[in-house]
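This briefing takes up the domains, the sheets and the pockets of one protein model. Please keep the sequence and the structure in view while reading.

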Amino acid sequence: MTIRAVVKGVGHYLPQRIVPNAEFEATLDTTDEWIVSRSGIQNRHFANETETTSVMATEAAKAALTMAGLQASDVDAIVLATSTADLTFPSAATMVQANLGMKNGFAFDVQAVCAGFVFALTNANALIVSGQAKRVLVIGAETFSRIMDWTDRGTCVLFGDGAGAVLLAAEDGAGTAADRGILATDLNSDGTHRDLLYVDGGTSTGTTGYLRMQGNQVFRHAVGKLAATAQTAMDRAGVTADDVDWIVPHQANIRIIQGTAKKMDIPMDRVVVTVQDHGNTSAASIPLAMSVGVERGQIKQGDLVVTEAIGGGLAWGAVVLRW
Ligand code: UT7
């Protein structure tokens with residue numbers, strides 16, 4: 001008998017304000033055509049003052065709990081992936097815990113930038129298979145609009161805000177790839193690439209700082225590393241490209257998503273794509289895409305799903321799960 005961490009619910013929250021590419025044409029030397037052709041992004045949501053990371057995370061968590069038919073008091077742990085917590089501390093996860101009225105269990109943030117949700121899922125899976133928790137809320141939530149340099153056309157047109165969450169619960173499995181739940185994971189990082197993507201603020205500067213990115217350099221790393229980590233996780237799970245029903249990739253750039261799918265030998269009609277509507281929401285992008293993919297009727301119970309993401313660090317990884 002094998003303990004599996006099975007998705008029982010999923011949900012998301014998007015800020016009310018939708019910003020089309022055309023809005024940037026008024027203030028920047030850019031065009032809708034450039035943004036769409038280079039990134040695939042058409043719209044993104046930007047949070048208002050009250051839509052903080054923890055507030056959006058709470059709404060996504062409530063939606064996941066509702067789908068799972070559970071109360072906050074049923075949850076043992078909250079693992080929240082973010083690089084844009086409301087405050088330096090306490091963690092956004094403990095703020096969500098308080099918002100949900102949860103007096104039990106424990107909560108903490110995971111910081112692996114755009115790969116954060118893959119790292120959070122892997123940590124939550126470890127808590128469940130080791131018997132330390134039975135039900136875990138895994139959340140990705142970001143307000144990257146708060147760390148944008150609005151004069152830098154190379155970054156500010158690419159990112160958006162939002163939150164997504166899944167409720168994982170322990171279930172007995174047979175230990176085969178036919179089990180529901182997380183089947184395999186793969187995590188990687190290489191700190192020598194820190195200058196490719198970072199925020200120029202923190203305790204060393206006393207400021208929040210702005211996101212800085214050498215986009216084309218990150219791009220060069222992305223497809224190869226994403227396809228490799230996905231393959232490693234698939235090998236560990238004992239599945240092949242033919243078995244995969246859906247790739248749910250990090251939504252940074254449609255060209256990266258297409259290039260990775262091609263390298264994995266999986267056609268685009270088996271890829272959940274939301275980048276056109278959300279932009280790059282960093283750690284929120286995968287749970288947002290999972291939630292939208294379920295809403296659209298794409299992802300169904302029993303489907304084999306591969307998630308993959310790369311971001312600042314560099315940090316990257318993949319998770320293979322049966323929905
Ligand atoms: O999620 C975390 C990981 N991040 C990513 O995965 C992002 C990875 N990178 C990318 O998605 C792409 O590299 C970008 C979308 C950021 C850029 O696309 P690119 O095809 O790599 O373009 P580039 O950076 O090589 O820039 C091409 C040109 C440059 O002009 P010159 O030097 O050729 O004259 C840029 O200055 O496009 C220019 N440019 C723009 N032009 C119009 C950069 N931003 C803009 C803009 N509007 N917003």
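The points below go through the domains, then the two sheets with their helices, and then the pockets.

This is a predicted model, in which local features need pLDDT of at least 70 and side-chain atom pairs count only at pLDDT 80 or more, whereas totals for chains, interfaces and linings use all residues. Residues are numbered from 1 along each chain as its sequence is written, and side-chain values use heavy atoms, with hydrogens and water left out.

**Domains**

- The domain assignment gives domain 1 (2-173) and domain 2 (181-322), with bounds that come from an automatic or database domain assignment.
- The centres of domain 1 and domain 2, taken over C-alpha atoms, are separated by 14 Å, and their contact (heavy atoms within 4.5 Å) takes 52 residues from domain 1 and 47 residues from domain 2.

**The sheet of five strands**

- An open sheet of 5 strands follows the order S1-S7-S6-S4-S5 with mixed pairing; strands are DSSP runs of E of at least two residues, and helices are runs of H or I of at least four, both numbered from the N terminus, while two strands pair if DSSP finds at least two bridges between them.
- Strand S1 (2-13) and strand S5 (106-110) are the edge strands, each pairing on one side only, and the twist from one strand to the next averages 20°, where axes are lines fitted to C-alpha atoms, for helices over the stretch in contact, and angles run from 0 to 180 degrees between N-to-C directions.
- Strand S6 (residues 135-143) and strand S7 (residues 161-173) are joined in the antiparallel sense over 9 bridges, and Thr143 has Asp161 in S7 as its bridge partner.
- Helix H3 (residues 53-68) lies across S1, strand S4 (77-81), S6 and S7 and runs at about 120° to S1, whereas helix H4 (residues 92-99) lies across S4, S5 and S6 and runs at about 140° to S5.

**The sheet of four strands**

- A further open sheet, of 4 strands, has the order S8-S13-S12-S11, and its pairing is mixed.
- Strand S8 (181-189) and strand S11 (246-249) stand at the edges with a single partner strand each, so one side of each is left without a neighbour in the sheet.
- Neighbouring strands of this sheet are turned against each other by 15° on average, direction ignored.
- S11 and S12 run parallel and are joined by 4 bridges, with Ile247 opposite Val306 in S12.
- Helix H5 (residues 116-129) lies across S8, S12 and strand S13 (315-322) at about 125° to S8.

**Pockets**

- The largest pocket has a volume of about 990 Å³; on a 1 Å grid over the protein atoms alone, where a 1.4 Å probe is used for cavities, a pocket is an open set of points with protein on both sides within 12 Å along at least five of seven lines, and lining residues have an atom within 4 Å of a point.
- A volume is the space filled by probe spheres set on the points, which are joined across faces, edges and corners.
- Of the 34 residues lining the largest pocket, Ser83, Thr84, Gln111, Gly201 and Thr208 lie nearest its centre, and the lining draws at least three residues from each of domain 1 and domain 2.
- The second largest pocket has a volume of about 500 Å³, and among its 24 lining residues the closest to its centre are Leu158, Met213, Gly215, Phe219 and Asn253.
- Helix H6 (215-237) is one of the elements that give two or more residues to the lining of the second largest pocket, and H6 gives the most, with 5 residues.
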